[in-house]
Amino acid sequence: MIDAKALRALCLEFNGAIEENPFPRNPDVSTFKVGGKIFALASLDALPLTVSLKCDPETALRLRAAHPEVVPGYHLNKRHWNTVSLAGALPDRLVRELVEDSYDLVVASLPRALRLRLDWPGERA
């Protein structure tokens, strides 16, 4: 099961990823960004732990249909974001893939020069 410490480490292992706490009224909310854009959002002190992740709209619908732990993004564009419960029902491997997919979607939208500086595998493909 991925806990808050593991989630933070997972999000920060990607090239260029940083953590910010931009909400003064909610200092426990962490945003994980690359190139100034959010790819993951989580209240790391909350129980149960959840993380909001960017997702391809068609994939988002499939994930929601297949897993009750995946719901439309809380306070986010529900077409492009899912909120994922990390209470333990989802396999860690799937959670890791969802975080990586979110990062990749955001990096793909960045200018090419920044993608090259990040040494993003998608740019080499």
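Which strands each supply at least two residues of the lining of the largest pocket? In this predicted model, the strands that do so are β3 (37–43) and β4. The contribution of β3 is the greatest, at three residues. The pocket itself has a volume of about 330 Å³, and its lining is made up of 13 residues. Nearest the centre of this pocket lie V29, L41, A42, S43 and Y74. By residue class, the lining of the largest pocket holds eight nonpolar and five polar residues, with no charged ones.

Attention now turns to the enclosed spaces. Two cavities of 30 Å³ or more are counted. The largest cavity has a volume of about 50 Å³, and around it sit L53, K54, C55, L63, V70, N82, V84 and L98. Two elements, β4 (50–54) and β6 (81–85), give two or more residues to this lining. Strand β4 thus appears in the lining of the largest cavity and also in that of the largest pocket. In the cavity lining, six residues are nonpolar, one is polar and one is charged.

The second largest cavity has a volume of about 40 Å³. Its lining brings together M1 and I2 with S85, L86, A87, G88, A89, L90, D92 and V95. These residues divide into seven nonpolar, two polar and one charged. One charged residue is thus found in the lining of the largest cavity and one in that of the second largest cavity, whereas the lining of the largest pocket has no charged residue.

Definitions and conventions. Residues numbered from 1 in each chain as written. Predicted model: local features only at pLDDT ≥ 70, side-chain atom pairs only at ≥ 80, totals over all residues. Heavy atoms only, no water. 1 Å grid on protein atoms, 1.4 Å probe; cavity = no way out; pocket = protein on both sides within 12 Å on 5 of 7 lines; lining within 4 Å. Points joined across faces, edges and corners; volume = space filled by probe spheres on them. Helix = DSSP H or I, 4+ residues; strand = E, 2+ residues; numbered from the N terminus. Nonpolar A, V, L, I, M, F, W, Y, C, P; charged D, E, K, R; others polar.
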